[in-house]
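I opened this notebook to record what I looked up, going from the surface to the interior and then to one helix.

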Amino acid sequence: MGIIQRERRGEIEILTLHRPEALNALNSAELQELEDTIDAIDLEAVRVVILTGAGDKAFVAGADIAQMKDLGETEARSYAELGHRIMRKLETLPVPVIAAVNGYALGGGNELAMSCDIRYASENAIFGQPEVGLGITPGFGGTQRLARLIGSRSKANEMLLSGRTINAEEALRIGLVSAVFPQQELMAQAMKLAETIAKNAPIAVRKTKAALQKGMDLPLEEGLKREVDAFANCFTTHDQVEGMTAFLEKRKEKHFTNQ
């Protein structure tokens, strides 16, 4: 069995990082397998991905410090570039990705969670970027995504420069996560959300994700143009006809075909 475990439940793919003995810390082998797993997702069949960690202590406790300790500058650059490539692949995956954060999400773990579209957390989840205490900076996007996600450079700087961690309730308060649940309910709630998303028109869901994700890095006028393009293009699809016909017929059952 690999480091990344895959489970398909209908149109939902669950990816579990499975190194509980190391609190699922990201070493190069796990990163490479994660990249290969992302590349292998069947985008014709899968409508939502859930990403979580094995065990009840950690989502991902961070990058593997034992592996990083003796890296030189060239090796460290390659390691960071690998992490960046994977986070960006996850972030730009056409289908939505839900992070079910079931414990520690530190350093690379927090960066991995931030690369997902939606973050749900268990009550025991702990988030942070403690890299400065190790003599390094965040290396997988933490300095760039944190402030963008929570909308506060001050709070991002506080976390990044102090290295202090925050609990799930504070993560909810600052907007780092969408909801907090008892640990035993976390996956059920993530599945409930995934099932709700999967019932919607997949083309519309993908175009909405892309418009939001790409538009955040553009001036408002450019983002609005992308939204108009996405909206208009939906009217070339079977799913738009089906969705609106079902609404007018007061029909709850909809037959979206991803076409």
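Entry one, surface. Working on a predicted model, I looked for nonpolar side chains at the surface and found a patch formed by Ile65, Leu134 and Ile136, which together have about 260 Å² of accessible area. I then placed Ile65, which belongs to helix H2, residues 65-68. Ile65 has a relative accessibility of 47%, and I noted it as partly exposed because that class lies between the 20% and 50% limits.

Entry two, interior. I turned to the largest nonpolar core, which has 46 residues, and noted that Leu51, Phe59, Leu112, Phe127 and Leu176 are the members that touch the most others. Helix H3 supplies the largest share of this core, with five residues. A separate core of 16 residues lies apart from it, and I listed Ile50, Ala100, Tyr120 and Ala190 among its members. I also looked up the contacts of Phe127 beyond four places in sequence, which include Val101, Ala105, Leu106, Asn110, Thr165, Ile166, Leu176 and Val177.

Entry three, helix H5. Which residues of H5 (residues 142-150) are buried? I found Gly142, Arg145, Leu146 and Ile150, and they lie on the same side of H5 because they cover an arc of only 105° around the axis. The general rule I kept in mind is that an α-helix has 3.6 residues a turn, so residues three or four places apart point the same way. The cover over the buried residues of H5 includes helix H3 (73-91), helix H4 (108-114) and helix H6 (153-162). Last, I checked what follows H5, and found Gly151, with a positive phi near 75°.

How values were computed. Residues numbered from 1 in each chain as written. Predicted model: local features only at pLDDT ≥ 70, side-chain atom pairs only at ≥ 80, totals over all residues. Heavy atoms only, no water. Buried < 20%, exposed > 50% of the residue type's maximum accessible area, 1.4 Å probe, protein only. Helix = DSSP H or I, 4+ residues; strand = E, 2+ residues; numbered from the N terminus. Arc of directions from axis to C-beta. Contact = heavy atoms within 4.5 Å. Core = buried A, V, L, I, M, F, W, Y, C linked by side-chain atoms within 4.5 Å. Patch = residues over 30% accessible without salt bridge, like charges linked within 9 Å, V, L, I, M, F, W, Y side chains within 5 Å. Areas by Shrake-Rupley, 256 points an atom, 1.4 Å probe, with all protein chains shown as cover. Salt bridge = Lys/Arg side-chain N within 4 Å of Asp/Glu carboxyl O.
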